[in-house]
Structures are given as structure tokens and as C-alpha cells.
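Trainee: I'm new to this structure and would love a close look at one part of it. Could you walk me through the salt bridges?

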Amino acid sequence: MFFAEKWDIEEKGDKDPDWASYSLGIFICLNCSGIHRNIPQVSKVKSVRLDDWDDAQVEFMASNGNNVAKAKYESKMPPFYYKPTFLDCQLLREQWIRAKYERKEFIHSEKQEPYSAGYREGFLWKRGRDNGQFLSRKFVLSEREGALKYFNKNDAKEPKAIMKIEHLNATFQPAKIGNPHGLQITYLKDNSTRNIFVYHEDGKEIVDWFNAIRAARFHYLQVAFPGASDADLVPKLSRNYLKEGYMEKTGPKQTEGFKKRWFTMDDRRLMYFKDPLDAFARGEVFIGSKENSYKVLEGLPPSTQGNHWQHGITIVTPDRKFLFACETEDDQLEWITTFQKVISRPMLPQEYAVEAHFKHKP
């Protein structure tokens, strides 16, 4: 094709895009083309192969391209701002495109105030821990105080919860929460993980909250690790879960019946819940490295009874074995692959401290 050398897709990693914004001079994938079509005042879209192109449009594309657009539209992008990939949810990709091309937030630094000021407050819909209802709650993020807080009543003087920025994580979970703007926020309480589930009707608002949390984490880590580069810190700002899904498990004596639980692999913490939207895990298992005598085995010990699902997994730790069963062979393979990746990674010094203080709840 006439401008193949200009293909350098930054919105989704698509190596062979079929679409282009001929007003911006960039090549885009099919999914992103739909988002671009929704901002016609900024981006005008054509098929690379199916639509007609006049000479002026071809010349404009040839003289621009994705690298030129990136240099212009990302010239002042803060390092903590989350740049989505093709694996991310629709909301993150849409707000990235709108922030970059429609609002021009990374050209004009003053437009970054909502997530870079070091302080943010507002109302989010939060899921109740016991009844599952979403109620409006006031949230306050303060870098100076090193915490995200939320209040059960607008005029409350004391927060319902204080979440230290040091242990804060946020990840979009639209399918699990049942809302396209659903955000899962986790923090540590008494060395155990606590989940809260929130959303905002406005997509920009919830993504601004997400990036404000990342900004607070970034500035905290800059102080905690003064010698670290941005490239070292950015991967630590927020994390998606390595894997989630249902498995069966039995208790520590391995004589109880197997129970179906929702499992979340979060870095080295394997957490299990009765329901995916529970606030607290029923238990957590620390998964260390092979150098420290952790390993994952396919199958269950021959004497195992009580599992309804037939595709077993055994995790061996220095203290005991954990037995799980998966519904399908594909699930089993995916979980084993995930566990092997964690176990094959050497433990960091701070992870030894986590292991030492880890509390497993049977």
C-alpha cells in the first residue's frame, strides 16, 4: 500500500491496520476507528483498502503518520498517565483517544489539573459491602496525607476508610462489576487485601480518578526510591490481575469437601472469595519462587476425594500443599501457566518481608 512504511500503531499495537484518520494523519485499528468516528469534529476516518483516497489525502498521510502525531499530541504527557493497549477495556481506550486528540491534554499541561494536582475530591458510586447496593460516597485523595479516604455521609468528619497510597491499587473491571465504568480499588488492611468497587457515570471522571491514583503512587515512589528512573517506577503504579476465575479448593487438612471459590492472582497473592464482589478474601496464599521451594504440579494426590471438577492443580509451599480443581483442561492450563510465571520469578527483598508476615486464612 502507498504508505506502508508509515505504519507505527500506537493505539492498539495492531501491525496491519485497515483504517486511518485522514484529518489527523494516523493509522488506526478497527476498534479504535469506531472511537475516532465518534469525534468527527476532530477525526475523520476512512478504510485504507476500501475507500477512495484523493491525492491531497494521500500526501497528508505520507507527510504525517503516527510518529509525527505522537510527537505533537503526547509532547507533555506525564509519565504516570496510563497509556492503554489493545488488551484494555473500551473506556480506557476511548478516554485515551479523547484526552489526546479531542481535549489535547498532553499539549496543554493546564488541562492535566484533574489528575496531577496532588489532591482530588468528588463523589463516586460505591458498592455496599453487605447489600450490594451502589450508593454515592465522597472520596478524597490527598498526596500530602498519603491516603485515599471515603466518607459514608457528606457531612461526616471521620472517614469510613483510610487507604494508604503506599498499598493502593486500581484496575478497571467492567465485566465483574457490571458497569462499563467499573473500577476496583484495593488496599491492605491488617496485611489482608480489602476490595471496594466504584463507578462514575462520566467516563472522563472515573479515568481521571484512576490517573490521579497513579499520579499519587508515582510521587510516593519517587520519594521512596529517589534513585529510580521513571521507567522503573511506572510499572509499579497500578497493576492488572494476572488471572481471575473459579476453581474448587479444599481445606488445610485436605479431608473436607471441595468448595467452589472465585480466585484472583494479584502479583504473589492468590486470594479466594465466595463471590467475585466480596470486600474481603476468605483466604490468601503467598506464592513465592522456585528457589524458595515453591512449585506447581499438574493433578492432585491419588488419595484426594470430594472434588467435583476433574482437572487438578497442586501448589507446594514450604509449609503445606494447596489443592485446587478446575472445570476444564483449558482453565487448568491457564492457571498452571500463571502460577509457573510467578514461581519462576526470583523474589525481591521486600517480598521476603511479605512472606514472613503473611497470614493465610483457611
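Mentor: Let's start with Lys138, which is partly exposed, with a relative accessible area of 22%. In this predicted model, Lys138 forms a salt bridge with Glu121, and their closest N and O atoms are 3.9 Å apart. Lys138 sits in strand β5 (residues 134–142) and Glu121 in strand β4 (residues 119–127), so the pair ties together parts that are 17 residues apart in sequence. Glu121 is partly exposed as well, with a relative accessible area of 44%.

Now move along the chain to Asp267 and Arg345, whose side chains meet in a salt bridge at 2.9 Å, N to O. Asp267 belongs to the loop between β12 (259–266) and β13 (269–273), while Arg345 belongs to the loop between α9 (329–343) and α10 (349–357), so this contact ties together parts that are 78 residues apart in sequence. Asp267 counts as partly exposed at 33% relative accessibility, and Arg345 counts as partly exposed at 31%. These two are also members of a network of salt bridges that links Asp267, Arg268, Arg345 and Glu351.

One further pair deserves your attention: Glu284 forms a salt bridge with Arg269, with the closest N and O atoms 2.6 Å apart. Glu284 is in strand β14 (residues 283–286) and Arg269 in strand β13, so parts that are 15 residues apart in sequence are tied together. Here both partners, Glu284 and Arg269, are buried.

As you keep exploring, you can look for others too, as the count comes to 19 salt bridges.

Key. Residues are numbered from 1 along each chain as its sequence is written. This is a predicted model: local features need pLDDT of at least 70, side-chain atom pairs count only at pLDDT 80 or more; totals for chains, interfaces and linings use all residues. Side-chain values use heavy atoms; hydrogens and water are left out. A salt bridge is a side-chain nitrogen of Lys or Arg within 4 Å of a carboxyl oxygen of Asp or Glu. Helices (H or I, at least four residues) and strands (E, at least two) are DSSP runs, numbered from the N terminus. Buried means under 20% relative accessible area, exposed over 50%, partly exposed in between (1.4 Å probe, protein chains only).
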